[in-house]
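Me: I'm about to look at a structure I haven't met before. Could you walk me through it?

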Amino acid sequence: MTVVLAIRCADGVAMASDSQITDPERGLSYPAQKLHPLGKHAAWGGSGSRAVLYDLEQIFTNEPDAIVEAPDIGHALQGRVLPVLEHHYKNFIEDVPAGKPGATPATYVLAAGYVNGHPFIVDFDPHGLIGHYEEIGFHAVGSGSPMAQQAHALLAHFEMGERSVDYGVVAALRVLDALDASSPSVGGPMDICRITPDGAQHLDEEAVAEVRRTVRRWTELEQRALDDLFS
């Protein structure tokens, strides 16, 4: 199961993902990087076919400036995603003789960041269609996305869109940790990217641990408030 999510805040965008890869054909689970840089002011992640995502990673790594400096970043990304999807669909063998059917090349891509000082959150479905979510302020892709949407809805009263990106980073990790606790196929280490108009900062292991300590403090404060609710 994969979860990649993005949260728009008052002054930035928080993007995060788990790192658990499940290969049902081989009965294996292993960690893998799902969140990647997209130039200096954006990041992207995806779920689905690892072959498709590998090809996209090569393209996005080699052409970040051409993508983020395009007049329409959604169309710039779409123009690179569609040919890769079409190639894999064209060469997809659905029924493997004397073996199990191959894994579908269906893939979802989520990208977020800043272009000319303005935030964006866009996704692409397996048909190559674009979705824009910067106004909504939250989106997730992957098989765990319905649970992520529900977890975010439970935090909606905290109004992350009105708070700084540091709050968004903490909320993103709290959502992922909730999924980690409830689903055996979502697992760490968790990847987090803090994005502002000044640039994208991919948090290292120590920084993620510090964010998790803040998550614990948040839940402790909630517990105290609940304890005092009927005082």
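**Strand E10 and the chain around it**

Reply: Let us begin with strand E10 (residues 138-141), where Phe138 and Ala140 point one way while His139 and Val141 point the other way, and all of these are buried. Please keep in mind that this is a predicted model.

Me: Why would the side chains swap sides like that?

Reply: Because in a regular strand the side chains alternate between the two faces of the sheet.

Me: OK, and which way do E1 and E10 run, and how many bridges join them?

Reply: Strand E1 (residues 4-8) and E10 run antiparallel, and four bridges join them. Within that pairing, Ala6 is the residue that stands opposite His139 of E10.

Me: Zooming out, how many helices and strands does the chain have?

Reply: The chain has six helices and 12 strands, and among its contacts between residues at least 6 apart in sequence, 61% join residues at least 24 apart.

Me: What's the radius of gyration, and what would a compact globule have?

Reply: The chain has 18 Å, and a compact globule of 231 residues would have a value near 17 Å, so the two agree. Taken along the principal axes, the C-alpha atoms fill a box of roughly 70 × 45 × 30 Å.

Me: What about burial: what share of the residues count as buried?

Reply: Of the 231 residues, 47% count as buried. The accessible surface of the chain comes to about 12100 Å², and carbon and sulfur atoms account for 53% of that.

Me: Last thing, how many positive and negative side chains are there?

Reply: There are 16 positive and 32 negative side chains in the chain, and the centres of these two sets lie 4 Å apart.

Notes: Residues are numbered from 1 along each chain as its sequence is written. This is a predicted model: local features need pLDDT of at least 70, side-chain atom pairs count only at pLDDT 80 or more; totals for chains, interfaces and linings use all residues. Side-chain values use heavy atoms; hydrogens and water are left out. Buried means under 20% relative accessible area, exposed over 50%, partly exposed in between (1.4 Å probe, protein chains only). Helices (H or I, at least four residues) and strands (E, at least two) are DSSP runs, numbered from the N terminus. Two strands pair if DSSP finds at least two bridges between them. The radius of gyration is taken over C-alpha atoms; the globule rule is 2.2 Å times the number of residues to the power 0.38. Contact means heavy atoms within 4.5 Å. Accessible areas come from the Shrake-Rupley method with a 1.4 Å probe; for residues, only the protein chains shown count as cover. Lys and Arg count as positive and Asp and Glu as negative; His and the chain ends are not counted. The place of a charge is taken as NZ of Lys, CZ of Arg, CG of Asp or CD of Glu.
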